[in-house]
Amino acid sequence: MKSDESALLHDILQALGAMNGVVVWRNNVGIARHGNARVAYGVGGEGAPDLLCEVRAPDGFWRVLWIEVKTVDGAVAKHQTEWHAVARGQGREVIVARSVEDAADAVMRVRAGWRTHYDRGRALARCKGEV
């Protein structure tokens with residue numbers, strides 16, 4: 001991840017973590033090697049978004065929001081888009097956040113029970129390949 005994306009990710013973690021009724025985790029995904037062993041780590045496998053966020057809805061239940069962090073000019077890789085499309089097709093909320101405002105807007109939409117916009121920064125309501 002580029003340093004601009006790292007800074008944006010940090011800012012989103014800070015902003016969402018300060019919101020009432022929101023819990024957010026960094027989701028590092030990859031494969032670690034130890035000797036001859038390969039161990040996969042992270043939630044969701046290759047292509048899974050950078051952040052996993054839980055949002056408390058007015059009914060008291062927690063809703064999950066996956067957040068892929070990209071800069072304004074950042075491209076979503078093919079394997080990420082494929083993961084996002086499958087997850088959104090299953091009814092999961094997955095977004096690309098290109099700003100703190102994108103992430104905060106998605107939290108408010110999830111809290112209200114509305115569908116999120118996939119990539120608000122690029123005016124995309126749906127993910128390529130989303131059914």
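## Glu93 and Arg115

In this predicted model, Glu93 counts as buried, because its relative accessibility is 11% and the cut-off for buried is under 20%. Its salt-bridge partner is Arg115, with the closest N and O atoms 3.3 Å apart. The pair links distant parts of the chain: Glu93 is in strand 6 (residues 93-97), while Arg115 is in the segment after helix 3 (100-112), 22 residues apart.

Arg115 has a relative accessibility of 35%, so it counts as partly exposed. In general, side chains of opposite charge can pair when their charged atoms come close.

## Asp50 and Arg26

A salt bridge also joins the side chains of Asp50 and Arg26, at 3.8 Å from N to O. Arg26 belongs to strand 1 (residues 22-26), and Asp50 to the loop between strand 3 (37-41) and strand 4 (51-56), so this pair ties together parts that are 24 residues apart in sequence.

Asp50 is buried, and its relative accessible area is 9%. Arg26 is partly exposed, and its relative accessible area is 34%.

## Lys70 and Glu68

The side chains of Lys70 and Glu68 meet in a salt bridge at 3.9 Å, N to O. Lys70 is buried, with a relative accessible area of 9%. Glu68 also counts as buried, at 1% relative accessibility.

## Number of salt bridges

How many salt bridges does the count give? The count comes to 5 salt bridges. Among them are the pairs Arg115 with Glu93, Asp50 with Arg26, and Lys70 with Glu68.

Key. Residues are numbered from 1 along each chain as its sequence is written. This is a predicted model: local features need pLDDT of at least 70, side-chain atom pairs count only at pLDDT 80 or more; totals for chains, interfaces and linings use all residues. Side-chain values use heavy atoms; hydrogens and water are left out. A salt bridge is a side-chain nitrogen of Lys or Arg within 4 Å of a carboxyl oxygen of Asp or Glu. Helices (H or I, at least four residues) and strands (E, at least two) are DSSP runs, numbered from the N terminus. Buried means under 20% relative accessible area, exposed over 50%, partly exposed in between (1.4 Å probe, protein chains only).
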